[in-house]
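Me: I am in my first year and would like a close look at a single part of this protein. Please take me through it slowly, and explain each term when you first use it.

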Amino acid sequence: MDSPGCGRVGTHSIEKQYCKERKPFPFDRKSVNTEIATTESPESTDMAVQAAVQMLNAGEAIGLPTETVYGLAADAFNEEAVGKVFEAKGRPKFDPLIVHLPSKAALADVAVVSEELEKVVNVLTNQFWPGPLTILLPKKPAVPDIVTAGLDTVAVRMSEHPVFRKIIKEFGRPVAAPSANRFGRISPTSAAAVQEELGGLIPLIVDGGACGRGLESTIVRLEPPEGGEVTAKGKKRKPRIEIVRAGPITAEDLKNFGIVIRPRRGARAEAVAGAPGQMASHYAPATPLRVLTDPGDFKPEPGKRYGLLSFRGEAEDGYLSLTDWSEVAVLSPGSGKMMEAAIRFFFLLRKLDNSGVDEIIAEPMADRGLGMAMMDRLRRASTRVPEDE
Ligand code: TXA
Ligand code: MG
């Protein structure tokens, strides 16, 4: 049975019940023993790599570190293995997975790069791979439909995490890997967070330490220059690079390589053509979350416990003195550096979620660069789809 997410797509009353009580979905899953393989020394890393490759070869879904967030990885060409990814996450089958490649050359095994797009694909992959850029391209028939949710496109990227690279190189084939959280929940940026999300549901988590980027990859869709690469007067036209999901590779990073189209805000899954996973409600803590654009709008309710997700933790920003906060989590203390904030973002959101407060209040950030990616996550985390939708 597919296990739709928390009140977002499901119609089964038992699922709604679990949503209300904010419990993990139990369904009829078997409980397995989850091993954690460490990578603290060259020897333990070798052992972890061997264990991971063995599991992937055996058709298992396992937790692996990437530079963005931890992924739940399975052999992309093994339908049954990919099925385990959906099952462990409780992810609906209409939400496709990103295929991670062992090498740039492996792109040709999974995707079709048309003549028109060859140049921009080459430029982007030379510039950003391995790294946190995912590209949507027409898929090759070898990629099972379950990976792409029946779409004719496939999302591809190449992770730059050293442990991930060792594992996938040794495995030698692409792996399909979404973030290693239960569907719709906060992405994990440490092995402990994966254990919290999927412990007992998967056999292995490779601990590669905290993720260096902290936010999921940027996803782009490409379009060749309209009317050809060169105008009648010999001027060059640029391809279009549409950001489907904001991430560590920013609009500013991409603008040298084409006309960048920024993501549409708050669009519902069905409304975003070709991006079925970009639901309005996503990355959600169990605790209600609100982005407070104007501190003057805050009217604390008596007896309610509030947690603050602050950008710099500075009194002058007007948030610290609003109430007697039960918890304050600061993304980048003092300096307000976007990169530091991004690395700590999901970790602190998870911490606030686990702290027992009744509501999380988030300070807004500048909606550009990495701030655009974090604001996107905060908006989705704050959107709750009505019960009967
Ligand atoms: O950084 C990342 O991208 C992490 C790490 C593990 O690589 N992965 C990740 O996967 O964030 P996931 O499944 O949590 O998010 C991937 C998003 C989903 O919203 C999915 O709907 C979308 O990519 N996606 C995947 N294939 C697609 C396709 N063919 N067309 C449109 N959207 C697609
Ligand atoms: Mg995800």
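How many residues does the largest nonpolar core have, and which of them have the most contacts inside it?

Reply: Please keep in mind that this is a predicted model, in which local features need a pLDDT of at least 70 and side-chain atom pairs count only at pLDDT 80 or more, whereas totals for chains, interfaces and linings use all residues. Residues are numbered from 1 along each chain as its sequence is written, while chains are lettered from A and ligands numbered from 1 in the order in which they are written.

The largest nonpolar core has 99 residues, and those with the most contacts inside it are Ala52, Ile62, Val99 and Ala176. A nonpolar core here is a set of buried Ala, Val, Leu, Ile, Met, Phe, Trp, Tyr and Cys residues joined through C-beta atoms within 7 Å. A residue counts as buried if 20 or more other C-beta atoms lie within 10 Å of its own, as exposed if 12 or fewer do, and as partly exposed in between, with the C-beta atoms placed from the backbone. The largest share of this core, ten residues, is supplied by helix α10 (residues 338–354), where helices (H or I, at least four residues) and strands (E, at least two) are DSSP runs numbered from the N terminus. At least three residues of the core come from each of domain 1 (13–113 + 141–207) and domain 2 (289–382), with bounds taken from an automatic or database domain assignment.

To see one member of the core in its surroundings, take Ala52, which, leaving aside its neighbours within four places in sequence, is in contact with Ile62, Leu64, Ile167, Leu204 and Val206; contact means that the C-beta atoms of two residues, placed from the backbone, lie within 7 Å.

Burial can also be followed along a helix. In α3 (residues 79–89), the buried residues are Ala81, Val82, Val85, Phe86, Ala88 and Lys89. An α-helix has 3.6 residues a turn, so residues three or four places apart point the same way. The buried residues of α3 pack against β3 (71–75), α6, β7 (175–176) and α8 (191–198). After α3 comes Gly90, which has a positive phi near 70 degrees.

Domain 2, which contributes to the core, spans the residue range in which the next sheet is found. This open sheet has four strands in the order β12-β15-β13-β14, with parallel pairing, where two strands pair if DSSP finds at least two bridges between them. Because β12 (289–291) and β14 (327–330) stand at the edges, each with a single partner strand, one side of each is left without a neighbour in the sheet. On average, neighbouring strands of this sheet are turned by 20 degrees against each other, direction ignored. Strand β13 (residues 306–310) is joined to β14 by four bridges, and the two run parallel; Leu309 has Ala329 in β14 as its bridge partner. Helix α11 (residues 370–382) packs on the sheet, where it touches β12 and β15 (359–362), and its direction makes about 130 degrees with that of β12. For such angles, axes are lines fitted to C-alpha atoms, for helices over the stretch in contact, and angles run from 0 to 180 degrees between N-to-C directions.
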